[in-house]
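Please open the structure in the viewer and keep the sequence panel visible. The tour proceeds by selections, each followed by an account of what is found there.

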Amino acid sequence: MEPLVRIGCGAGFAGDRADASAAIIAELARCSGPRFLMLETLAERTLALCQLERRRDPSRGYSPALERLLPHALGPCLANGIRIIGNFGGANPSAAGARVAELARNAGFPDARIAVIEGDDLSEAFSGGELRAREVGGAVLAGAPAVIAANVYLGAQPIAQALDAGADIVITGRVADPALVLAPLVHALGWDWSDWQRLAAGTLAGHLLECGAQVTGGYFADPGVKDVPGLAEIGYPIAEVASDGSFVVTKPRGTGGTVDRRTVTEQILYEVHDPCVYLTPDVTLDIGAVELADAGRDRVRVSGARGHRRPDTLKATIFVERGVLGEAEISYAGPNARARAKLAADVVTTRMRQRAPELAVRVDAIGLDSTFAALAGDRSLAACSPPEVRLRFAAQSAERAGVELLLDEVEALYCAGPAGGCGVRRQLTPRLASASCLVERERITPRVTFVGAAA
Amino acid sequence: MTGIEVPLYRLAHARSGDKGNRSNIALICRDRVFYPAIAAQMTAERVAQHFAARRPSLVIRYDLPKLAAFNFVLDDVLEGGVNASLGLDGHGKALSFFLLTATVTVDADLLAPSSAASADLLARE
């Protein structure tokens, strides 16, 4: 019987816990067979921010998560034959490769084989007009705004190619998240790139792992209703995959969290639209007939994924500049807090109407109506007498001045607004707008290079 | 049989996700026995009504009987989405819990303490 392939996910986003991978590495180190650690750190906006950083400093622009997640994971993985696959290359995979090589040397592994995948950046091969012609579902690119980032989602093939060539660490930029899991499976199990059923199963495993603890009881706990033991020390997921593509989702022993049919079901449908048509660069996944079965404590067996031919086009995400977002908050507490907060809101909106009439200002009362906003109409500020009210003002514009004026007006409530205003916080954030494009596969050429190899 | 009206929260759990200005909410039965009642009452039309204040342009429900779950896809309900919304929850992460505030009528017998879990459920609220 062929050994199972084990893949752990040590990070589901750039801000994920730096210590999450330690328990996975320890668990994988106790096992034999092919073992991999996957790190997903590149949300759409994260990559746009990486592109901006690369412009400021051409030696940077990889995911900030690299410096937080890699240093302590690298040595133990290399020492135990656990290979690492991560998209922390961000907007500059080759710079990330150089940095990881440095970290590997520092960890005592100067001979580590580090592969870099490039070819996802469209900004050179595609003109603004070509991207505009390929935009789907919107018109963000109309009017030729300044493009910050244009990256296509690559699939699993170049990653698998790097693993076939012996890479200990594979660093990518933008790839479809599930490809970070599918690639090592195809490499280790010798699956065919037109074996849609197995590719679908591997993609589903990747989909379940890519958000880290979201499948092991993270983002799930609801005290008294859906209790999760040991949430503070939650274990991140490991998939044990058989050669037929069936797999078990579990987590390292001795960790908190829970893996059961409920946690897995919530994650199966996470960010899915039509469950029968989940498009990826490698396969069209159909989860409509997926079945889950308990397979022991914190073990769920997943089967029944179906696959269809991969799409002919690849999806790309384009980011353009769109001015700034300004947010400012102030609190009112104690007797008559509601009326004082209401008065503060009136003062700011009145002054803004006079001074920046074109700017739409949103006002929320946090704790009352800020999250569901108009959805929960009976919980507006006018309808209750809370012990305290935190007001939040927000506006966005391509013109910075008006947005800054709003923040100044909220701050001025300190001395010129109603009694007892406190705790003003304000921030201005660059706004980015995103567009989706579909590009022809034949226009995209992924490249695999090894750090230190002759070009 | 006696029908009893309860918040969906007592019969199901949910998780939402986003892509642009589109939200998807996975609704999962706490117990498979609730599936038919939820399927009959939580139609796409009903969910569109529940979220009327966000003016969904389209709501589609996908059924996943093997998972005792439904996937609702709501178009244009995220105030422009995470890159454009002025609200705190541009992802619509909390919309899952708003869906669970809808009420449905179930056979009281199904809520009878047939298992420890459902007894526990009834004891709440």
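Select A:Ala394 first, which lies in strand 17 of chain A; helices (H or I, at least four residues) and strands (E, at least two) are DSSP runs, numbered from the N terminus. The model is a predicted one, in which local features need pLDDT of at least 70 and side-chain atom pairs count only at pLDDT 80 or more, while totals for chains, interfaces and linings use all residues. Residues are numbered from 1 along each chain as its sequence is written, and chains are lettered from A and ligands numbered from 1 in the order in which they are written.

Is A:Ala394 buried or exposed? A:Ala394 is buried, because 22 other C-beta atoms lie within 10 Å. A residue is buried if 20 or more other C-beta atoms lie within 10 Å of its own, exposed if 12 or fewer, and partly exposed in between, with C-beta atoms placed from the backbone. Now display the residues that A:Ala394 touches: leaving aside residues up to four places away in sequence, they are A:Leu325, A:Gly326, A:Glu327, A:Arg362 and B:Leu86. Two residues are in contact if their C-beta atoms, placed from the backbone, lie within 7 Å. Then select A:Lys315, which is 79 residues from A:Ala394 along the chain; 32 Å separate their C-alpha atoms.

**The boundary between the chains**

Colour the two chains separately. Here 35 residues of chain A are in contact with 26 residues of chain B. On the side of chain A that touches chain B, at least two residues each come from helix 9 (261-268), strand 12 (291-294), strand 16 (362-366), strand 17 (388-397) and strand 18 (422-440) of chain A. By class, that side of chain A has 16 nonpolar, nine polar and 10 charged residues. Ala, Val, Leu, Ile, Met, Phe, Trp, Tyr, Cys and Pro count as nonpolar, Asp, Glu, Lys and Arg as charged, and the others, Gly among them, as polar.

Next, show chain B alone. Its secondary structure comes to five helices and six strands, and along the sequence chain B follows the pattern β-β-β-α-α-β-β-α-β-α-α. Chain B has 125 residues, of which 45% count as buried.

**Strand 18 and its partners**

Return to chain A and select strand 18 together with strand 15 (residues 313-333). These two strands of chain A run antiparallel and are joined by 16 bridges; two strands pair if DSSP finds at least two bridges between them. Which residue of strand 18 of chain A is the bridge partner of A:Ala328? The partner is A:Arg426. Add strand 5 (residues 135-136) of chain A, which also runs antiparallel to strand 18 of chain A, with two bridges. Here A:Val136 stands opposite A:Ser436.

**Two helices that pack**

Select helix 10 (residues 337-355) and helix 11 (residues 400-416) of chain A. They pack at an angle of about 145°, with their axes 10 Å apart. Axes are lines fitted to C-alpha atoms, for helices over the stretch in contact, and angles run from 0 to 180 degrees between N-to-C directions. The contact includes A:Ala344 and A:Val347 of helix 10 of chain A and A:Leu405 and A:Leu406 of helix 11 of chain A. The residues of this contact divide into eight nonpolar, no polar and three charged.

**The sheets of chain A**

Now hide chain B. An open sheet of 10 strands has the order 12-13-9-8-1-2-3-7-4-19 in chain A, with mixed pairing. Its edge strands are strand 12 and strand 19 (447-450) of chain A, each of which pairs on one side only. The twist from one strand to the next averages 20°. At one edge, strand 12 of chain A runs antiparallel to strand 13 (residues 300-303) of chain A, and four bridges join them; among the residues involved, A:Ala293 has A:Arg301 as its bridge partner. Helix 9 of chain A packs on the sheet, touching strand 9 (247-250), strand 12 and strand 13 of chain A.

Finally, select strands 10, 11 and 14 of chain A, which form an open sheet in the order 10-11-14 with antiparallel pairing. Helix 8 (residues 196-209) of chain A lies across strand 11 and strand 14 of chain A, at about 115° to strand 14 of chain A.
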